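This report describes a protein chain for a reader who has the sequence and the coordinates at hand. The chain is shown below.

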Amino acid sequence: MSLKLYELVGTDASRPFSPFCWRTRMALAHKGLTAESLPWRFSEKSAIAPHGSERVPVLLHHDKPVVDSWTIANYLEDNFPDRPSLFGGEGGRAMARMINAWGDIAIVGGIFPLIIADIPKNLADADAAYFRQSREARFGKRLEEIMASRDTGVVAFRKSLEVLRQTFKTQPFIGGSAPDYADYIVFGGFQWARVVSPFTLLEPDDPVYAWREKLLDAFGGMARKSPGYAV
Ligand SMILES: N[C@@H](CCC(=O)N[C@@H](CS)C(=O)NCC(=O)O)C(=O)O
């Protein structure tokens, strides 16, 4: 079976950092599938343009492109039905769609201002310049200004995770007794931060910290072994 995954890296090709690519990495591992990694940088748009995308992850299955982490998760679920389920049925798939939106807005969007100025330090000059220009245009501020209030911002971010703490009072994972794609959606954001920034997002006595530890250890410690900061 031929699977290849374009995933975002910076100067270190062995350090994939996109939160969306990590969702896909975890989903592939959950299905017991191995994909050849195709390290991709912001300046390499021409490599994925023929596959109809300007963004990663892009999965190639026998050279057929599948674009967008949510679409990829559904593709894997539907095309590898005999493998462990990512959603646990149609109800789970529907709820994961909501978690996907929450993951984009509250997790990726919530972490972004806490680590944004650390990201270019992981990139080669041309990629760093592109990242700075495109993100500063989007936010209308310098990256350093966005990140300047992170010591207070992280307090609000931790509060926003109360939904997870409530959930973990009665079940160890968002997916229930074992992790599923809903967990990987949220974990992708934390893994992104861990790879690019030394900033402490979670306190060690936080149940969300304990949950993240379990996912760092999942699949033989795949995410923990991937280069990152010890946060
Ligand atoms: N909704 C997409 C988002 C993908 C996305 O935004 N990927 C970023 C990397 S984290 C990207 O490729 N950005 C390219 C760019 O900014 O030019 C998904 O879930 O896959």
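In the hairpin of β3 and β4, two residues lie between the strands, and H62 takes a positive phi near 50°. The model is a predicted one. The strands of this hairpin, β3 (residues 58-61) and β4 (residues 64-67), run antiparallel and are joined by four bridges. Within this pairing, L60 stands opposite P65 of β4.

Strand β3 also pairs with β1, again in the antiparallel sense, over four bridges. Here L5 has L59 of β3 as its bridge partner. On β1 there is a further pairing, with β2 (residues 36-40): these two strands run parallel and share five bridges. In that pairing, E7 has P39 of β2 as its bridge partner. Strand β1 spans residues 3-8 and is mostly covered, with five of its six residues buried. The strand pairings are listed below.

| Strand pair | Sense | Bridges |
|---|---|---|
| β3 and β4 | antiparallel | four bridges |
| β1 and β3 | antiparallel | four bridges |
| β1 and β2 | parallel | five bridges |

The protein has ten helices along with its four strands. Their order along the sequence is β-α-β-α-β-β-α-α-α-α-α-α-α-α. Among the helices are α5 (125-139) and α6 (143-147), and the loop between them holds G140. Is G140 buried or exposed? It counts as exposed, because its relative accessibility is 64% and the cut-off for exposed is over 50%. G140 and D68 are 72 residues apart along the chain, and their C-alpha atoms are separated by 26 Å.

The remaining values concern the protein as a whole. What radius of gyration would a compact globule with 231 residues have? The expected value is near 17 Å, and the protein has 17 Å, so the two agree. The C-alpha trace spans about 50 × 45 × 30 Å along its principal axes.

Of the 231 residues, 52% count as buried. Among contacts with a separation of 6 or more, 70% are between residues 24 or more positions apart. The exposed area of the protein is about 10,400 Å², of which carbon and sulfur atoms supply 56%. As for charge, there are 28 positive and 27 negative side chains, and the centres of these two sets lie 1 Å apart.

Conventions
Residues numbered from 1 in each chain as written. Predicted model: local features only at pLDDT ≥ 70, side-chain atom pairs only at ≥ 80, totals over all residues. Heavy atoms only, no water. Rg over C-alpha atoms; globule rule 2.2 N^0.38 Å. Buried < 20%, exposed > 50% of the residue type's maximum accessible area, 1.4 Å probe, protein only. Contact = heavy atoms within 4.5 Å. Areas by Shrake-Rupley, 256 points an atom, 1.4 Å probe, with all protein chains shown as cover. Lys, Arg positive; Asp, Glu negative; His and termini not counted. Charge placed at Lys NZ, Arg CZ, Asp CG, Glu CD. Pairing = 2+ DSSP bridges.
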